[in-house]
Structures are given as structure tokens and as C-alpha cells.
Amino acid sequence: MVTNSIPNRQRLIELWKVVFIRVGALPFILVGILVIFGVWNPAFLSSGNMFMVSRSATYLIVVTLGQMLALLSGGLDLSVGGSITLISVVSAMVMVALKAYPGVDVFVGVLTGIGVGALVGATNGYLIAYRRIAPFIATFAMGSIANGVCLIITGGGLPIFGVPGSFVGTLGRGEVLGVSVPIIVTILLVGVMYFILSWTRFGRYIYALGGSREAAHVMGIPIRRYTFLTYVIVGILVGLAGVMLLARTGAGEVTLGLEMPLLSIAAAVLGGVSLFGGEGKLYGAVLGAVAIILLRVGMDMARIGSFVQMAAVGVVLIMVVVIDRYRRQMV
Amino acid sequence: MENTAKSMNQPEYQSSLSPEIEDKGYVVRMIGISKSFPGTKALKSVNFDLKRGEVHVLVGENGAGKSTLIKVLSGVYQPDAGEIYINERKLTIKNPHTARSEGVYTAYQELSLVPQMTVLENFFLGAELQRGLMLDKQRMRKLAQSAIDTVGLPIDLDSYIAQISPAHRQMVEIARHFIQKIRVLILDEPTSALTSEEVRKLFGVIKNLKEDGVGIIYISHRLDEVKQVGDRASILRDGENVATIGIEKATEDYLIELMTGRKVETIFPTVASKPGNVLLEVEELSTEEGLKNVCFQLHAGEILGFGGLIGSGKENIGRGLFGLEKITTGNIKLGGKLLHKIDPSHMTKEGIVYIPSDRHTEGLLSLMTVRENITTPSLGVFERYRVLQKGYERHRAEELTHRLDVRTPSIETIVAKLSGGNQQKVVVARSLVKDTKVFIFHELTRGIDIGTKIEIYKFVQELAKQGAGIIYISSELAELLNLTHRVIVTRDSRIADVFDTPNINEEILLRSYFGWKVEEKMSN
């Protein structure tokens, strides 16, 4: 019995290794989160709660999609926080100003919001691709500028109320066939992103750029144009996330995007996107965002304070990165 | 010529030579040194020695093994076989630090100074003198100043390396070793950046060092210098030490005879293609990185070789032509049409492909698969309504891996996992996805095994036969002499000579490289 169990155990370890090398640490962490918080408070696993989790994960997922693009191309985007705040505030202001024209107000407001996102992205892209400023500096500065502009136009950070109820009722709280609208929008966006990354030259070029700028250049890829485009698309995604968040909160607020830079980078990295560019899978980034939201909701339900939560996200992030490095050595 | 194949693993020591003193005067003896890199045998059982107070010159073509030999001595590389004696003591030189603690110092051609630091800081980098916990700045300054004075350098110890001229940097690189206890000083092309006045000073310094009993290994291409400072010369060819001779015997002709004389067996296919019409015209091309007024024509079906010493400008030809360097003046015409935008993406669109010499940084997307490496530069071919047709893409990638006989488990294998030769085939394959008119190959066969080389030579011939124009930049004389229709030699960033390949031999080519007189058989 004893002698027999050793090869079995070895086989089990081998099997575990193969699975681990294939999928990485994230799925185990996801299961871990579900088990721990599920045992702690069975309500955590209820369908109602899971529904709530997926709805609140949508915003982070959309921003993470953008962050992932920036990371894949060999850069990163620290302006997503300031940008989201600015988007929600400007979009809300436009809607309030056009209140006299129902329907038009929402339409124009949403477009303006996405436009602001695209503009911030284009500025980032211009600075990084054509002026050769390091992504860290360019986007950090843009985030700061966006935050500053926000505070100026809101007269020091007063929330913008009076967003049309129809807007909040559809994009924020609306449901189609029992599925919340933000979830539908997010699924669509993930689909679009899958298409872009896998089926277009743009997607391939992003990986090439992040893998080796020099090699991409020698291959004849217009590296500047595609770097620029990458940040524009990141901006549009952030614009969408900003508008969605506005629809959920119902008011343009200056604190809306505060944690987004850190959380979106954490989510992407959790999902296996390399900070050095050129490596990372779409489903990984999405799962990474879900894991972070699950962790937060779980801790909320366990009545763990927000300070501890902040620390916990950091700890999990470091854990995953360390485990992932270990995994790469095993391959 | 000994049995070199066997000696790779078991060096044949001259068994009579006891490690003990035969001649008290040897400060370095290297016996049976062999070193292989994947695909090449850089050193084949090389013997080399250096006497106290002697200047021993190393000559040979690029890639003959000179730098590998000195890197073995200075601990950068570990030899696969062989023994090293320093002051008749058998040593394993594990790393550059061991070498330095034995008094072996190397002044490299590619400078190892930190540009953002001052002359003084560079002098003591990694060997800072301390008094207690503090840097002993006074003593360092004094020592550095006296070293600078020895060389006669008119520079301030506090100026930054980035601010001083390349010649002064070279002198600092040499002088900074004078603060140490030197037994052996290795000078790798020390005069390439110096003016004649500075060269004279350097020779004075060398003379003083000799009198102090320092042994000096001196690598140079300049024969006049060799005769001026050298005592003995060793000639390396293809990783072997073909002769060690007294400097009085080192005539120009004799050295060239020793450096060349390579048998080129059946490695190269016979040149089969006939050049047709002018395909590419380059007029007065100059670049910021150093190319000066380059003019030449490339014909369809022609293989045009570019040769020259390292740094002569042949490296810049390919990069400049492809728009990887900043073009200051000049025109490029393709099929009679003037190209307005010279940058990699436009050149690629026009049907010009550049295969860089450095596979790892510029050639490959090493995180990506074989398929992606082959198809990514030409994705337009696979697009329908902007959507990639992945089936077609895979099909084409399969086809090309077969055509070039790339040995890979599958086209979805990450390219970094392949051998060097197969990686290079992948790089070549990607230029075949769509019609390419002009191929610029830069050191196409560097670091790959002979079998793959032969395949690649055949392949280059085939391309030419199909009417492509080929620019073949190479450091290997044999390739230039056996694969090309014409050879252009660059010197000082300019075109120095143009030869019809059938009319020349290694000697003529080498003379042209070094700028020694070329008597006959010049064409164009």
C-alpha cells in the first residue's frame, strides 16, 4: 500500500504540473476566492450575488481591455483614472445642458464622453508614438491633466447631477431579456476585442510591437502609426467605460476613476499579460478583472474594511506574479 | 594542420612541454585552446604565447578568432579545451575579474566606459579606493592624474566621457589600466580612432610599458603599425594559428598569403544567373549615421556583394538603403521610379526586403510563432475585407516552411525554440510571402551551421535566377568571391572599389579592405 502510493502521488504531482503549466495560477486563485468566501458566507455564491458581481465587474473589464492593449503594445496607460473622471463629468454636463431636447441629450452626451476618451487617448498616442515620451510619463501626466481639468470645470469637485433618467434606466440599470445592459455591452466589447486581436492586422501588429519594436520596424510595420492607434482605441474603450459608469452612478463625479489605473493593470497582470509587452491573452485579462471584483465583493460581504482590501489586492497581485515567474521556469 | 576535429575535445599538448619553466620569459602561454559556439568552431587548438616586455601582434580576417582568443585570455569566455599559464602558473580564468587580479587587462575596441560618468569615475569603476567607508577621492585623483600624464592626455579628470572626443575616450580606455599592476595588456585595434599624433604618443607609452616588462598583445589591421611596434606576429585563420613569425619576416605579401589561402570546396553553387536590366539605382546616398555619397546600380538577377572591414560602412549600406538610418542626401530609384519615402514600411511596400544581421534583436519576433514570424510583414496578402483569412495564412506558412526546409515541430511553435539556422530560415521565409524585387541580406549566414549555409547559398542563387536583385553584405571573403557577380568594397563609409568577381581573389579583396595598393584587375 505504501509502496504503491508513491508512484500514484508522483503521477498526481505530474498531472498537477501539466495543468498548472497550461493554465497558470489565476484559475486556482479564482476557485480559492469562491471557496473561501463561499464557506465564510454562503450568500456569496447565491445567483443574486453572482449577478451583482458580474455587473460591477463590467466597468473594470472594459478598462482592462484597454489597459491590456496598451500593455501588449509594450506600454501602459496610467491616465485611465483621470480620463474616466473627465469623461463622466463632461458627458454629464453635456446631457444636463441639452436637457431641453430629450433623446438628443443622451445621444450627444454619450458621443461626447467617448470623444473625450478618444481625445485623451490620441494625445497619449501622439506623445508616445511621435514625440517619443515614455508611456509611463506621458499617461501619468495626462491623467493628472484630466483630473485637474475636471476639478476646474466642476468648480472644485462638485458632482454633476441631473443626468436624464432614461439614460440611467437603460445603460445603467436596464435589462434585456433579464440580462443587465452593462453586461451585454461588455460581452459585445469583449467579442469585438477578440475579433481585433485575432483576426485583424492591427491585433497582430500590437503583439509584434510589444514583442520587439526593432524587429517590427525592420519588418516594415509602421510602428508609430500603430502605436498611436493603440492609444486611441484604449481611449475609446475608456470612454465607453466612463459613460457606463456615469449611467450607473447617475452623476458625474470626480472620484469615479480613482482606482482604475492600479486595478486595471493589476487585472491584466493577474490574467497573464506581460508588463514587458507582446504577451497576454484576452480571456486572461477578463478573468483577472473578474477575480479582482470577486475578491472585493467577497471582502465586502465579510465586512473587511476598504483599507485591508487595498492591501489584499496588492498581496494577491504579487502572489500571482511570483507564481507565474515560477511557472515560466518550469516550462 | 593537426587533426583539429579530434582536438576539439582532447587538445594535443606538446607533451614534451612541461608546465614548468622552459623559458623564464613567458608571461602568457596558451596551449591547445579550443572554443565552439553553436554552429561554429571559433578556435581550434590554438597555441599562443607572450614574452615579458614583448609586443605580440595578432592578425587575421574578421572572424578568424582573434577576439575569441583574447576573450578567453581575459576570462570573458571559457575555453572548451586547453590550458592557460600566466607567469608559468596554470590557471583557470573563470571571469574577467580573475584575469584582472592576475594582471591581465584589456582595452576593448568597443569602449567599456560609462558615458554619463566622469573620466575619474570611470578610471576606478568597480575598483574604487576606500578609506574606511568613504571613497578615497584624493588618492584616486592622484593615481588617475599620473596615468593620464603618462599617456600625455590633455584632459580634465572631471569631464564627462560623453563630452570628450572618441580619440580621447580610446586613450582613457587604455590609460585607466595604468593605475593597476599590469602584467599583460591587450590592445584591440587601439589606433582606429586616433590621430597620427596620438598614435605616436601611444607608441611611446607602449615602449615604456615594454621596458617595465609588461607583455602586450596588439591586434591591428594596419601593417605599418604592426611593423613599427611589434616583435612577433601570429596569424589566425579560421580559428587556427597558422604561423607565429618574427616581425622582420612579416612582409605585406607574406601576411596576406598566411591570412588567406583558404580552400573553398564544394560549398558554393556555381553562379548561374545572368544579370539583366538595372533594377535599383542608388545615387549619392548619405546618412546621418555615416554613409557618404554612395552610388551604385543593382541589376535584376544580380547578386551584388558588399565587403569591407568592420566599421568600414558596409553595415550602413543595407540599413541606409532600407531607411533604418536617417538619410541626409541622395536618391533611390527602383525600376526607374524615384522612391520618395525611404522608410522600412514604404520600402517593404515597394518590394524591398531587409534581412538584418542581428537575428535576435531585429530579425525575429521571438515571443511569436513560426507562422506569425513568416506572415506578419505581409498580412495584406491574407486580408479579405480587412479580415485575416487564417486558413490561407496557415497554408502559406506551411508551404514556405517546407520550401525552405525549416525544421520545426509545427508552424505554431514559438520561434525562439528553434536552432539558429532554422530561425534564420524563418527570417528568410518571411520575405517570400509576397513578390520581392530586391533582397538586402546582411550577414545572412552568421552563426549558422555549414549545412544550413549551403542550403541558403543555393537559395540565394535561386532567387537571383528568378530575377530578383540581391544585395549581399558579408564579412566572409569566401561568400563574396563565390556567390556574387560583383563586389563593392567600402572603406571610411564610402565606396572604395568595385570589382567584377571573376577577376579577383582573396588577396585583391583584402588589399582593398585595408586600403593597400591594388595593382591590377580593377573594373568599373
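**Helix crossing in chain A, sheet in chain B**

Biologist: In which hand does α12(A) pass α13(A)?

Modeller: In this predicted model, α12(A) covers residues 260-270 and α13(A) covers residues 282-301. The crossing of α12(A) past α13(A) is right-handed.

Biologist: How is α12(A) oriented to α13(A): parallel, antiparallel, perpendicular or oblique?

Modeller: The two axes come within 7 Å and cross at roughly 120 degrees. Angles of 65 to 115 degrees would count as roughly perpendicular and those over 145 as roughly antiparallel. The crossing angle therefore makes α12(A) to α13(A) oblique.

Biologist: How many residues of the contact of α12(A) with α13(A) are nonpolar?

Modeller: α12(A) contributes Leu263(A), Ala266(A), Ala267(A), Ala268(A) and Leu270(A), and α13(A) contributes Ala285(A), Gly288(A), Ala289(A), Ala291(A) and Ile292(A). None of the contact residues is charged and 1 is polar. The nonpolar count is 9.

Biologist: Which strands stand at the edges of the open sheet in chain B?

Modeller: The sheet has 6 strands with mixed pairing, in the order β6-β9-β10-β3-β11-β12. An edge strand here has a single partner, so one side of it is left without a neighbour in the sheet. The edge strands of chain B are β6 (104-107) and β12 (240-246).

Biologist: Which residue of β9(B) stands opposite Val104(B)?

Modeller: β6(B) pairs with β9(B), residues 184-188, in the parallel sense over 4 bridges. Opposite Val104(B) stands Val184(B).

Biologist: What angle does the direction of helix α2 of chain B make with that of β9(B)?

Modeller: Helix α2 (residues 66-73) packs on the sheet and touches β3, β6, β9, β10 and β11 of chain B. Its direction makes with that of β9(B) an angle of about 150 degrees.

Technical notes: Residues are numbered from 1 along each chain as its sequence is written. Chains are lettered from A and ligands numbered from 1 in the order in which they are written. This is a predicted model: local features need pLDDT of at least 70, side-chain atom pairs count only at pLDDT 80 or more; totals for chains, interfaces and linings use all residues. Axes are lines fitted to C-alpha atoms, for helices over the stretch in contact, and angles run from 0 to 180 degrees between N-to-C directions. Helices (H or I, at least four residues) and strands (E, at least two) are DSSP runs, numbered from the N terminus. Angles under 35 degrees count as roughly parallel, over 145 as roughly antiparallel, 65 to 115 as roughly perpendicular and the rest as oblique. A crossing is left-handed if the near helix is turned anticlockwise from the far one by less than a right angle, and right-handed if clockwise. Two residues are in contact if their C-beta atoms, placed from the backbone, lie within 7 Å. Ala, Val, Leu, Ile, Met, Phe, Trp, Tyr, Cys and Pro count as nonpolar, Asp, Glu, Lys and Arg as charged, and the others, Gly among them, as polar. Two strands pair if DSSP finds at least two bridges between them.
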